[in-house]
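I opened my notebook for a friendly walk through one model. Here is what I looked up, in the order I wrote it down.

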Amino acid sequence: KLDASQVVNGEKYWLSTAAIVSKMGLRVNLVLLVDQQSILGGIDANTESTLESISRTNTSMMIILGVVVGVALVCALLISWLVTISLSRLALGMDMLALLRLEEGGRASLLVSRSQFTEVAKCDLSFVALERGLKAFVKFVPRDVVRMMLNGEMSSTNAMARCKVSILFMDIAGFSTLCEQIAADDLNLLTQDYLQAMCKIIVESGGTLDKFIGDCIMALWNVPRHQKHHEG
């Protein structure tokens, strides 16, 4: 057995004993006594200070690790917050774009700001280009038709379908003579005021603007959306 608590003359020794028995019944006891100082080389004297040094080092490492983890966590939260803000504004802008809120003051792109992150910034630029193209598109295609296409209610096909519609043609009486009597700038302002006022009435009544033919307005009811009592 091994017993490391043996002390002889104030010195610590490791004691090991073993018994050897021969076939003839002869028993021999072996005793091994080793000085701990000769094996450890004075480590015991410095054990306490060594442990204290290791403890201080571990404490310092834990503090440094905690600071690094804390800074990394703050940076991650900040980056996540910045990305979330940019994506939230982009999503809100897309919602407004789906509603065709393209007028000044209600433009979806006003909600989108240039992000510090390359990927998000590219999305922002693509969004602004999309709004610009859509704004130009609704100048030539009825807004209701564009809205239905965006919502998936209508697809652009070459198919035709029969339906009963109400059609309005309206123009300014004596417009040709009027053109000869007033200046071009005044005629332009007059035409704009007339077209804006009439288009507002048509849209509010559920009609769809089909086209402008000079001073003439062509509008439809019961297409592309079904309307009851559109004849009246």
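**Asparagine 222 and its surroundings**

I began with asparagine 222, which is buried at a relative accessible area of 11%. I should say at once that I am reading a predicted model. I located asparagine 222 in the segment after S6. Its backbone caught my eye: phi of asparagine 222 is near 80°, a positive value in a residue other than glycine.

In that stretch I also checked the peptide bonds. Which bond is cis? I found that the one from valine 223 to proline 224 is cis, with omega near -5°. Proline 224 lies in the segment after strand S6, and S6 itself covers residues 216-221.

**The overall layout**

Next I stepped back to the whole chain. I noted six helices and six strands. Following the sequence, I wrote the pattern down as β-β-β-α-α-α-α-β-α-α-β-β.

How much of the chain counts as buried? I got 21% of the 232 residues. For the accessible surface of the chain I noted about 17,200 Å², with 62% of that belonging to carbon and sulfur atoms. I looked at contacts too: among those in the chain with a separation of 6 or more, 41% are between residues 24 or more positions apart.

**Helix H4**

I then turned to helix H4, residues 143-150, and asked which of its residues are buried. My list reads Val145, Val146 and Met148. Seen down the axis of H4, these buried residues fall within an arc of 165°, so they line one face of the helix.

What covers them? I found that the cover over the buried residues of H4 includes helix H3, which runs over 118-137. Past the helix, I noted that H4 is followed by glycine 152, and that the phi of this glycine is positive, near 80°.

**A nonpolar patch**

On the surface I looked for nonpolar side chains that group together. I found a patch formed by Leu78, Trp81, Leu82 and Ile85, with about 380 Å² of accessible area together. I picked out leucine 82 for a closer look and placed it in helix H2, residues 43-98. Leucine 82 is partly exposed, with a relative accessible area of 32%. Patch members need over 30% relative accessible area, so leucine 82 passes that cut-off at 32%.

**Salt bridges**

How many salt bridges are there? My count came to one. The partners are aspartate 210 and lysine 211, whose side chains meet at 2.3 Å, N to O. The cut-off for such a pair is 4 Å, so the 2.3 Å between aspartate 210 and lysine 211 falls within it.

Are the two partners buried or partly exposed? I have aspartate 210 as partly exposed at a relative accessible area of 28%. Lysine 211 is also partly exposed, at 38% relative accessibility.

**Cysteines**

My last entry concerns disulfides, and the count there is zero. I still looked at how two cysteines sit in the model. Cysteine 163 counts as partly exposed, at 48% relative accessibility, whereas cysteine 216 is buried, with a relative accessible area of 12%. The cut-off for buried is under 20%, so the 12% of cysteine 216 puts this residue in that class.

Definitions and conventions:
Residues numbered from 1 in each chain as written. Predicted model: local features only at pLDDT ≥ 70, side-chain atom pairs only at ≥ 80, totals over all residues. Heavy atoms only, no water. Buried < 20%, exposed > 50% of the residue type's maximum accessible area, 1.4 Å probe, protein only. Disulfide = S-S within 2.5 Å. Helix = DSSP H or I, 4+ residues; strand = E, 2+ residues; numbered from the N terminus. Patch = residues over 30% accessible without salt bridge, like charges linked within 9 Å, V, L, I, M, F, W, Y side chains within 5 Å. Areas by Shrake-Rupley, 256 points an atom, 1.4 Å probe, with all protein chains shown as cover. Contact = heavy atoms within 4.5 Å. Arc of directions from axis to C-beta.
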